[in-house]
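Colleague: I would like to learn how to read features from a model such as this one. Can we go through it step by step?

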Amino acid sequence: MVQCCRCCFHRSTPRETMAWSESVDTLLANKDGLAAFRTFLKSEFSEENIDFWMACEDFKKTKSSAKIASKAQKIYSEFIRADAPREINIDFTTRDHISQNISEPTLKCFDDAQRLIYSLMAKDSFPRFLRSEVYKELVNKQQNGNQKRWLPFL
């Protein structure tokens, strides 16, 4: 079982924490939700998925063309290249397409891979996260804490 309650995710309100279950987008848009999900993925030895997704989100905001090239190369060597230290699980065609175009990267060069990883997280990791002890324990602690604020005699 993964210990969750010594970390930073209990700053979100109980309503926010419950809202994480609505969609993977709601979870990823919340700083604490993202941290909780990353901790869960780390416990499953698949945090490279969320790290890749976050790297792509950051990459898409890059303004300088010099930085586009260096950030693209970093993402490629860390997550895409065959035998990358944190290689993500994508199909050969997507990996090959990125490999062929990495010498002249654009802000969209990782979009297909990011969509695949997002889909994997949404369909596979996210439902498991919602069933996990990490999420259940967090929701229970927040609900119990909330009751104590309203019902001091508990």
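Modeller: This is a predicted model. Start with a loop residue: Asn30 sits in the loop between α2 (24-29) and α3 (31-43).

Colleague: Is Asn30 buried or exposed?

Modeller: The cut-off for buried is under 20% relative accessible area. Asn30 has 14% relative accessibility, so Asn30 counts as buried.

Colleague: Which residues does Asn30 touch, leaving out residues up to four places away in sequence?

Modeller: Ser12, Glu16 and Trp20. With Trp20 there is a polar contact between the two side chains, at 3.4 Å. In addition, a polar atom of the Asn30 side chain lies 2.7 Å from the backbone nitrogen of Gly33.

Colleague: Now a helix. Which residues of α5 are buried?

Modeller: In α5 (65-80), the buried residues are Ile68, Ala72, Ile75, Tyr76, Phe79 and Ile80. They cover an arc of only 100° around the axis, which puts them on the same side of α5. Ala66, Lys67 and Lys74 are exposed on the other side.

Colleague: What covers the buried residues of α5?

Modeller: The cover includes α4 (47-59), α6 and α7. At the N-terminal end of α5, Ser64 acts as a cap, with a side-chain oxygen 3.3 Å from the backbone nitrogen of Ala66.

Colleague: And which residues are buried in α6?

Modeller: Helix α6 (residues 92-101) has Thr94, Arg95 and Ile98 buried. Seen down the helix axis, they fall within an arc of 100°, so they line one face of α6. The face turned away from that buried side carries exposed Phe92, Thr93 and Gln100. Among the elements covering the buried residues of α6 are α5 and α7 (111-131). Asp91 caps the N-terminal end, through a side-chain oxygen 3.2 Å from the backbone nitrogen of Thr93.

Colleague: Arg95 is charged. What does its side chain meet in a salt bridge?

Modeller: Side chains of opposite charge can pair when their charged atoms come close. Here the side chain of Arg95 meets that of Glu87 in a salt bridge (3.4 Å, N to O). Arg95 is buried, with a relative accessible area of 12%, whereas Glu87 counts as partly exposed at 32% relative accessibility.

Colleague: How many salt bridges does a search of the whole structure find?

Modeller: Nine. One joins Glu44 and Arg128 (2.4 Å, N to O). That pair links distant parts of the chain, 84 residues apart: Glu44 is in the loop between α3 and α4, and Arg128 is in helix α7.

Colleague: Which residues are linked in a network of salt bridges?

Modeller: Arg38, Asp51, Glu78 and Arg86.

Definitions and conventions:
Residues are numbered from 1 along each chain as its sequence is written. This is a predicted model: local features need pLDDT of at least 70, side-chain atom pairs count only at pLDDT 80 or more; totals for chains, interfaces and linings use all residues. Side-chain values use heavy atoms; hydrogens and water are left out. Buried means under 20% relative accessible area, exposed over 50%, partly exposed in between (1.4 Å probe, protein chains only). Helices (H or I, at least four residues) and strands (E, at least two) are DSSP runs, numbered from the N terminus. The arc is that of the directions from the helix axis to the C-beta atoms. Contact means heavy atoms within 4.5 Å. A polar contact is a pair of N or O atoms within 3.5 Å; within protein, one must be able to donate a hydrogen and the other to accept it, and residues adjacent in sequence count only if both atoms are side-chain atoms. A salt bridge is a side-chain nitrogen of Lys or Arg within 4 Å of a carboxyl oxygen of Asp or Glu.
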